[in-house]
Structures are given as structure tokens and as C-alpha cells.
Amino acid sequence: MPDRLDLPPGFRWGAATAAYQIEGAVDEDGRGPSVWDTFAARPGAVRDGHTGATACDHYHRYPEDVALMKDLGLDGYRFSLSWPRVLPTGAGAVNPAGLAFYDRLVDALLEAGITPLPTLFHWDLPQALEDHGGWLNRDTAYRFADYATVMADRLGDRIPTWITLNEPFVHTVFGYALGTHAPGHTLMFEALPAAHHQLLAHGLAASLLHDRGLEVMLSNNLTPVEPASPSAEDAAAARAYDALHNRLFTDPVLLGRYPDLSALGVPDDIFGAIRPGDVDLIHAPGLDGLGVNFYNPTRVAAPSDPDLPFDLVAIPDVPHTAFGWPVVPDALRQLLLGLRDVYGTALPPITITENGCSVEESTDPDQPRIDYLAAHLDAVAQAVAEGVDIRGYYTWSLLDNYEWAEGYHQRFGLVHVDFATQRRTPKASYAWYRDLIAAHKARHAKQGLVTPL
Ligand code: FCB
């Protein structure tokens, strides 16, 4: 596989994590509570009652983790900043110890030759803001802009590119519509004001980051949607799902308009959340790069329950990951080509900001992960060959970590973590990824030598 993979010379190799999933130290050095601390403490909310209280203890062990990244040969590391560590009540007083942690982490990365790629919000909203409605409250968008300003003023001298939000689709649907993630609301489609307020937060922060000369990306969870049959009913259901999962979070940013959500019973103003000028605030700053998080495609059929606009159905005859997610690598190629076809010149360069799979802990030598990553990178290379501008690939994840409602049960890491001892052990996929990166760099270095001056 390494020798076949044809990716451009400057292609950036990375790995991704998120604060609540790895940092631990939830009560240390002045960090405030987040919605995930509250949710994980709720009986039955997370499998086996697991919490992120210790997670990978990355807050203390980051030097070891940065050393693992350096040995891997990473160009970039995507991580998230913990809003409640920096602003314990979400707004107002800044916690100097929280800022100091990110200073240390960023300096360690730079010293290792790794470009930090921070995400400002990866789902760990300060609980104090949730107490005022969280993302259902428009004010949270303005608090996010203030938080983005604090972080950019502190770290913007060392970090050129920033991701505002991680997967507002997943956060809205799991956190506000279905209640399977924090903060645990079950509002169904009435959750969608939370989506608009996150997009507004993105737009406000993007402007402020641009004012400081920084580049801005947004990481969306995207999925190609396929109708279960050629029937008109299944096609309509697939369109409705595509609008909800993909277009709702990408059209306003890239095209300056919301998709038609009427099939979901959602009014044009998203239950009064959209105010005049909002869509312009979201669109006008522009996007320097689209972060694509891809795990699997989605198959959709006409609803069996007349109160719902679609049914999600299984994809038969394909392998599934330990999490039960279907493995269809070519769907990533289709997604990337589809983005170019739908958005045309409005599409900025793409970076794959998450892709990976969970594998059973007992699986040795981690072959399913190697196969998954190899096949998906091949799909990326094919999309590049077909003309899509893709700048980098950040695998999810560097370390086994706290997988939200699944607790520590789903292992997505290139590095095994023994959560009892915090011992890190690189897996076979770590060595495979390291060799792949090294082969890519060696090939281009060699080609560089024969390039005429
Ligand atoms: C994504 C999340 C990430 C991780 C992976 C498996 O949806 O962004 O935090 O949980 O799924």
C-alpha cells in the first residue's frame, strides 16, 4: 500500500484527539465543570458509568504523547482546547493555569516540529453556559466569540490555522435532539436552534480570527446518503436526511443560504432562531479550509413511522467495525467528489480532520485498523487524482480514549492505553502509519533532488 499511495508532496499527515476524551484533570488548576462532567455523572447516561475524570491523563502526560507523535513523523496534531479549562464559567474571568497548559502543549509540539491545529469547541461546553440554555441560547454564540478571542490572542502568534467547531451535526443531534450525548436534551427537530447558534458562533469567531490574520476551518461530520431503493419515496427520504446531516452545516457557510428543511417540518427561520443578517454573519467571513470527518456512509429509506421523515437502515454485505459502523471506503471518494460537484468554486481546500475505526482490544496485530486506514487513504488518493484539492489527513485517533457515551469501550487509537496504569503501547497500526508517512516523505525528497533548479 505505501508504494501505491500517490499523494501530493506537501500533503500533511496528522492525528486527532479532543480535550474531554484525553485530558482528564477535570478538577485541577481551576478548570470549571463542563456539560460532559455533568452528563457522565448521570446514572445510565454512559456505558458502565465511565467518565472523563482521568481519561488518558494527557494533562500531565502530554510530553510523552508529543514524543509519540514525533516518532510517528506527524506534520500536524489536531486537538481541542477546553473552554471550561480556560474560562471556568464560560465567560468573564480567564483561568491563567488553563492558558498556561495550552502554552506548554503548543510549545512542546512546535519543538517537536509538529504544527498545532486546535479546535475551539469539541462538545465540552462550560456547564455554567448550559445552565443558561447552552446552544439553545443565542448568547452562547457571543460568549464563544469572546472565548475565541482569548485563545487567539494567547496562541495566535504560534498557530496559523484554527478550527472553530467539531461536528455541529453530531453535537446537535446526539446532544440536543436524541439526548444520547451531553447535555442530554430530547428535543427532536426543535433542537435545530442549537445548530443555528453554533453556526453563528462559527461565523462570529471566524471574523475575529481573520482580523488577527489567522486561517479558519470548520470540521463537519459528513456522510454520503444513499436511498435504500430507486423508489421516489426513498429518494425523498434520502434528500431530507442529506439536508439535515450534511447541507444544514455546510450550505450556510459555503453558499450563504440554508437548505430546504421543510420535509423535516422545520420552518425556514428554524423556529425563530434565524434573525435578519445572521446568514451573512455565517457566510461572509469565508472558510480557508473545510475539515471533513468521515466514518461511514448512510442508507436511508422512506419512514415506517409517519411522524418521522426517514428511516436509517443497515448497509448489508459489508464489514463492520467493533462499534458496528459499516466499512465502505469508496464512500469517502464519493463524498469528496460530491463536495466538489455540489459546491464547485465555493469549496475551499479540504483536510480530512478525522477518519479511523474502533477495533477490539484483543485484536492482534490490529490488522482491521490498518486495513481501514489503508483503504480510506486510497480513497483520498483517488479523489486527489480526480482533481479534488485535499491538503492533509488526520487519523482518529492518536490514543485510545474516552469515546463519549461508550466510555472506554471503543478503542480508536494507534496507541493502546491501559487505563488502569496509563501505560501507552504503540499498536501495529502505529508502526504502519509511521512507515507510510516516512515512505511518502522519502519518495518526495528523492523526487525533489532531481527537480531541475
Ligand atoms: C467523532 C467525534 C470524535 C470521536 C469519533 C469516533 O464523531 O468527533 O470525538 O468520538 O467520532
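At what angle do helix 9 (residues 192–211) and helix 10 (residues 232–254) pack, and how far apart are their axes? In this predicted model, the two helices pack at an angle of about 35 degrees, and their axes lie 10 Å apart. The crossing of helix 9 and helix 10 is right-handed. Helix 9 contributes Leu-192, Ala-195, Leu-199 and His-202 to the contact, while helix 10 contributes Leu-244, Leu-248, Phe-249, Pro-252 and Val-253. Sorted by class, this contact comprises 8 nonpolar residues, 1 polar residue and no charged residues.

Helix 10 also has a place beside a sheet. The sheet is open, with 3 strands in the order 6-8-9 and mixed pairing. Its edge strands, strand 6 and strand 9, each pair on one side only. From one strand to the next, the twist averages 45 degrees. The strands are listed below.

| Strand | Residues |
|---|---|
| Strand 6 | 225–227 |
| Strand 8 | 298–301 |
| Strand 9 | 311–313 |

Strand 6 and strand 8 pair in the parallel sense over 3 bridges. Glu-226 has Arg-299 in strand 8 as its bridge partner. Helix 10 packs on the sheet and touches strand 6, strand 8 and strand 9; the direction of helix 10 makes about 170 degrees with that of strand 6.

The largest nonpolar core has 150 residues. Those with the most contacts inside this core are Trp-36, Phe-144, Val-380, Ile-390 and Tyr-433. Leaving aside residues up to four places away in sequence, Val-380 touches Leu-7, Phe-11, Leu-332, Leu-336, Ile-352, Ile-390 and Tyr-393. In soluble globular proteins, nonpolar side chains tend to be buried together.

Note on methods. Residues numbered from 1 in each chain as written. Predicted model: local features only at pLDDT ≥ 70, side-chain atom pairs only at ≥ 80, totals over all residues. Heavy atoms only, no water. Axes fitted to C-alpha atoms, helices over the stretch in contact; angles between N-to-C directions. Helix = DSSP H or I, 4+ residues; strand = E, 2+ residues; numbered from the N terminus. Left-handed = near helix turned anticlockwise from the far one by under 90°. Contact = heavy atoms within 4.5 Å. Nonpolar A, V, L, I, M, F, W, Y, C, P; charged D, E, K, R; others polar. Core = buried A, V, L, I, M, F, W, Y, C linked by side-chain atoms within 4.5 Å. Buried < 20%, exposed > 50% of the residue type's maximum accessible area, 1.4 Å probe, protein only. Pairing = 2+ DSSP bridges.
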